[in-house]
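Trainee: I am new to this structure and would be grateful for a close look at a single part of it, the pairing of charged side chains. Please go slowly, explain each term when it comes up, and then connect that part with other places in the chain.

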Amino acid sequence: MAAWDKHYMSLALRLARDAFEHREVPVGAVLVVEGKIAGWGSNRRMDGNSITGHAEILALNTASESLGNWRLLRSTLYVTLEPCIMCTGALLQARVDRVVFGCRDPKAGAMRSLYALGEDPRLNHQIKIDEGVMADESSKILREFFEKIRLEK
């Protein structure tokens, strides 16, 4: 793990905490292009009543807007939770080079847990995947969130 991986993942964790405070599943994402932050997002499905309000999608959208291009070449996405099928598809479409994620998602993960879509050689683009960066912190905030939700019910 490179020093910058931990740095950018810590920023993604800050965004996850922001989602937590907005009663959203605490996932945060930061998209870096050539060493500069180009996009970011935290889950906003409930707040925006949006099916696509995942942190990864929001990070892709803000990066595309700031760069003026939907092709996000030479980019790395840092995300606290393994991306789902929808997000992995969007990452492939955007031509993201690398994804670094914190913890696996055994119920919806599409990069390692349930599928390996990012590395599928049948597709026209593959993504380099590094997992486990700040995994303990990433899983801890998710546990805390769901414990809080269960206590409120």
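**Charged pairs and their surroundings**

Mentor: Asp120 counts as buried because its relative accessibility is 12%, where buried means under 20% relative accessible area, exposed means over 50%, and partly exposed lies in between, with a 1.4 Å probe and protein chains only. This is a predicted model, in which local features need pLDDT of at least 70 and side-chain atom pairs count only at pLDDT 80 or more, while totals for chains, interfaces and linings use all residues. Residues are numbered from 1 along each chain as its sequence is written, and side-chain values use heavy atoms, with hydrogens and water left out.

The side chain of Asp120 forms a salt bridge with that of Arg122, at 2.6 Å from N to O; the term stands for a side-chain nitrogen of Lys or Arg within 4 Å of a carboxyl oxygen of Asp or Glu. Arg122, with 74% relative accessibility, counts as exposed, whereas its partner Asp120 is buried. By this rule there are 11 salt bridges, and another of them brings together the side chains of Glu119 and Arg112, at 3.0 Å from N to O. Here Glu119 is partly exposed at a relative accessible area of 34%, and Arg112 is partly exposed as well, at 27%.

A further salt bridge joins the side chains of Arg98 and Asp130, at 2.8 Å from N to O. Since Arg98 lies in strand β4 and Asp130 in strand β5, this pair ties together parts that are 32 residues apart in sequence; helices (H or I, at least four residues) and strands (E, at least two) are DSSP runs, numbered from the N terminus. Arg98 is buried, with a relative accessible area of 15%, while Asp130 is partly exposed at 22%. Through shared partners, salt bridges link Asp5, Arg98, Lys128 and Asp130 into one network.

From the strands we can turn to the loops beside them. Arg95 sits in the loop between α3 (85–93) and β4 (98–103), and although this residue is not a glycine, its phi is positive, at about 65°. Met134, in the loop between β5 (128–131) and α4, likewise has a positive phi, of about 55°, without being a glycine. Met134 counts as buried, its relative accessibility being 13%.

After that loop comes a helix worth following. Helix α4 (residues 135–152) packs with helix α1 (residues 3–21) at an angle of about 5°, and their axes are 11 Å apart; axes are lines fitted to C-alpha atoms, for helices over the stretch in contact, and angles run from 0 to 180 degrees between N-to-C directions. The two helices, α1 and α4, are therefore roughly parallel to each other, a label used for angles under 35 degrees, with over 145 being roughly antiparallel, 65 to 115 roughly perpendicular and the rest oblique. On the α1 side the contact is made by Leu13, Ala16, Arg17 and Phe20, and on the α4 side by Glu137, Ser138, Ile141, Glu144, Phe145 and Lys148, contact meaning heavy atoms within 4.5 Å.
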